[in-house]
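Me: I am new to this structure and would like a close look at one part of it. Please choose a single helix, and then follow what surrounds it step by step.

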Amino acid sequence: MAACWQQVDDFEALLEPFTPAVNARRLPRTLAGDFQGLAERLRPRAEAEGGLLVLSEAMLREVTDADPRAMATLLDDLRRLEALGREPQLNVVTRYPRDERGLGFPVDVYSFHVDRAPVDADTFLCTYAGACSEGLEPSDAERLIDDPTLRAALRAHHGQDDGFEAFLSEGCFDLNYRRRPGAAPFSFGLGHLWRLAVASPGATAPPCIHRAPDEGGQPRLLLIA
Ligand SMILES: [Fe+2]
């Protein structure tokens, strides 16, 4: 059975172990508050940081005229994930670095990819403002290095010596995917809290394939843990 995402009714259900059939869970939420206004206020600081501002709680509290409802939700989410022993991070993003090496396909967060961890892990994700992250069901995806043409291009770039497989792994080329023809990604949506399966040694599910969207000129505000 192909894995897919599952909607849950409460935070506890979000935490249930993944299975071969479920590699992502979504807790749907309709959040009140002006998150976009908050992201806009922080846009200049994100730009000054090269496009990505890691927003500490102290910096968040210093934002003048922030919508108190948005602020309360962000602090609540941080608390809830910290209570699990996680280290949640708020990010304001205007742009991520792009892979411009011209290796046949870009290996960056705008490309469909899975996250990898050396230990048992998962990823929490929420987009509060701006364009939403996207996911792709495994059955709709093909791994880029399984494409003979792309693999040959990487082989040519690397050279014929040993260590090609290590090169693919170290460069994260093995983590990137593309859509099968006709397949459509799904949007993570605004405000919903997601938990995604990650490629790790003890994983009980295929890792969840996802990507960052084109920002479309709007700053994004998101939570990652
Ligand atoms: Fe990722």
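Reply: **Helix α4 and what lies around it**

Helix α4 covers residues 68-82, and its 15 residues should span 21 Å at 1.5 Å a residue, which agrees with the 21 Å between its end C-alpha atoms; the expected span is 1.5 Å times one less than the number of residues. Helices (H or I, at least four residues) and strands (E, at least two) are DSSP runs, numbered from the N terminus. This is a predicted model, in which local features need pLDDT of at least 70 and side-chain atom pairs count only at pLDDT 80 or more, while totals for chains, interfaces and linings use all residues. Residues are numbered from 1 along each chain as its sequence is written.

Which residues of α4 are buried? They are Ala70, Thr73, Leu74, Asp77 and Leu81, where buried means that 20 or more other C-beta atoms, placed from the backbone, lie within 10 Å of the residue's own, exposed means 12 or fewer, and partly exposed is in between. These buried residues cover an arc of only 95 degrees around the axis, which puts them on the same side of α4; the arc is that of the directions from the helix axis to the C-beta atoms. An α-helix has 3.6 residues a turn, so residues three or four places apart point the same way. On the other side of α4, the exposed residues are Pro68, Ala72, Asp76, Arg79 and Glu82.

The cover over the buried residues of α4 includes two helices, α2 (35-48) and α3 (57-62), together with the strands β4 (89-93), β5 (122-129) and β12 (220-224). In the loop between α3 and α4 lies aspartate 65, whose phi is near 60 degrees, a positive value in a residue other than glycine. Aspartate 65 is exposed, with 9 other C-beta atoms within 10 Å.

The strands β4, β5 and β12 belong to an open sheet of 7 strands in the order β1-β2-β10-β5-β12-β4-β3, with mixed pairing; two strands pair if DSSP finds at least two bridges between them. Because β1 and β3 stand at the edges with a single partner strand each, one side of each is left without a neighbour in the sheet. Within this sheet, β5 and β10 pair in the antiparallel sense over 4 bridges, and phenylalanine 124 has arginine 195 in β10 as its bridge partner. β10 (residues 193-197) is also joined by 4 bridges to β2, again running antiparallel, and β2 (residues 22-27) is mostly covered, with 5 of its 6 residues buried.

α4 and these strands also meet in the largest nonpolar core, since the elements giving it two or more residues are β2, α2, β3 (52-55), α4, β4, β5, β10 and β12. This core has 43 residues, and those with the most contacts inside it are Val92, Leu125, Trp194 and Leu221; a nonpolar core is a set of buried Ala, Val, Leu, Ile, Met, Phe, Trp, Tyr and Cys residues joined through C-beta atoms within 7 Å. Leaving aside neighbours within four places in sequence, tryptophan 194 is in contact (C-beta atoms, placed from the backbone, within 7 Å) with Ala24, Arg26, Phe124, Leu125, Cys126 and Phe188.
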